[in-house]
Amino acid sequence: GKAGPYVLSLERDQRAFSLATAHLGAIAQRGFGERAAREMLRLRNMESIPEATESIFSACTDDGLARIELMRVNDALATVESIADGTFPITHGAAFDLVFLDADKGRIMDYVDVCVENDSLLCPGGLIVVDNVLWKGLVVEASQNGFGSSAYGGHTTEKNIRKNRRSRKLATQMHAFNAEIVVDDRVEVTMLSMRDGLSLLKKK
């Protein structure tokens, strides 16, 4: 029969990888019910999560229908490119229906290019979901060629300006991406104002 759902997650940060591994381990052992929920609550209340020692973690849901793999990588874009050209085979071996991007903001368009140009990575009609496209509301200010006091936490002191330089840079990068993707005829774009801004890109 047809294979069930498959989720692949690429993570660079060791702590995030270890936390996700611990959560998925709880699901694999206890399913999706109350036992798993109690275990995940216990994990959240721990001062430190045991560090995952393997770079790949694989788990199946308790009914065996869905498979989830976590991979710790140094360069997610290079890994995605390797998956796309077949030099890095994955367990599922089929194109994805959905790709969620919460990655290096300066290279978001590179990720989109790989997904759109390779049907072996993302199937035609598939979705790319890009996170943080409004970046704390600062993207609107970046689109108007300037940042008001909100970019500095409400105070325009030199300390706050330096502290929030990264936020202004990321907002500028996301504005550039938004401006480029909205005129890209390879995708249909829908921007949602929920959370920190999500753009749904439907591959044509």
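This report describes strand pairing, the largest pocket, cysteines and salt bridges in one protein structure. The model is a predicted one.

**Strand pairing around β7**

Strand β7, which spans residues 198–203, pairs with β5, residues 122–131. The two strands run antiparallel and are joined by 5 bridges. Within this pairing, S199 of β7 has V130 standing opposite. Strand β7 also pairs with β6, residues 187–192, again in the antiparallel sense, and here the pairing extends over 6 bridges. One of the positions in β7 that can be named is K203, the bridge partner of V187. Strands β6 and β7 form a hairpin with 5 residues between the strands. In this hairpin R195 adopts a positive phi near 50 degrees. As a general point on such elements, side chains in a regular strand alternate between the two faces of the sheet.

**The largest pocket**

The largest pocket has a volume of about 1,400 Å³. Its lining comprises 43 residues, of which L8, S9, L10, F100 and D102 are the closest to the pocket centre. Several secondary-structure elements each supply at least two lining residues. Among the strands that do so are β1 (6–11), β3 (67–72) and β4 (96–101). The helices α1 (14–30), α3 (76–84), α4 (108–117) and α7 (165–181) do so as well. By class, the lining holds 28 nonpolar residues, 11 charged residues and 4 polar residues.

**Cysteines**

A disulfide is a covalent bond between the sulfur atoms of two cysteines. A search of the whole structure returns 0 disulfides. C115 has a relative accessible area of 2% and is therefore buried. C123 also counts as buried, because its relative accessibility of 18% is under the 20% limit.

**Salt bridges**

The count of salt bridges comes to 11. The table gives three of them, with the distance between the closest N and O atoms.

| Basic residue | Acidic residue | Closest N and O distance |
|---|---|---|
| R67 | E69 | 3.8 Å |
| R107 | D75 | 3.0 Å |
| R107 | D104 | 3.2 Å |

In the pair of R67 and E69, R67 is partly exposed at a relative accessible area of 30%, whereas E69 is buried at 8%.

R107 forms a salt bridge with D75. R107 lies in the loop between β4 and α4, and D75 lies in the loop between β3 and α3, so this pair ties together parts that are 32 residues apart in sequence. Both partners count as partly exposed: R107 has a relative accessibility of 26%, and D75 has one of 30%.

R107 also forms a salt bridge with D104. At 41% relative accessibility, D104 counts as partly exposed. Elsewhere, salt bridges that share partners join D113, E117, D184 and R186 into one network.

Conventions: Residues are numbered from 1 along each chain as its sequence is written. This is a predicted model: local features need pLDDT of at least 70, side-chain atom pairs count only at pLDDT 80 or more; totals for chains, interfaces and linings use all residues. Side-chain values use heavy atoms; hydrogens and water are left out. Two strands pair if DSSP finds at least two bridges between them. Helices (H or I, at least four residues) and strands (E, at least two) are DSSP runs, numbered from the N terminus. A disulfide is a pair of cysteine sulfur atoms within 2.5 Å. Buried means under 20% relative accessible area, exposed over 50%, partly exposed in between (1.4 Å probe, protein chains only). On a 1 Å grid over the protein atoms alone, a cavity is a set of points where a 1.4 Å probe fits but cannot get out, and a pocket is an open set with protein on both sides within 12 Å along at least five of seven lines; lining residues have an atom within 4 Å of a point. Grid points are joined across faces, edges and corners, and a volume is the space filled by probe spheres set on the points. Ala, Val, Leu, Ile, Met, Phe, Trp, Tyr, Cys and Pro count as nonpolar, Asp, Glu, Lys and Arg as charged, and the others, Gly among them, as polar. A salt bridge is a side-chain nitrogen of Lys or Arg within 4 Å of a carboxyl oxygen of Asp or Glu.
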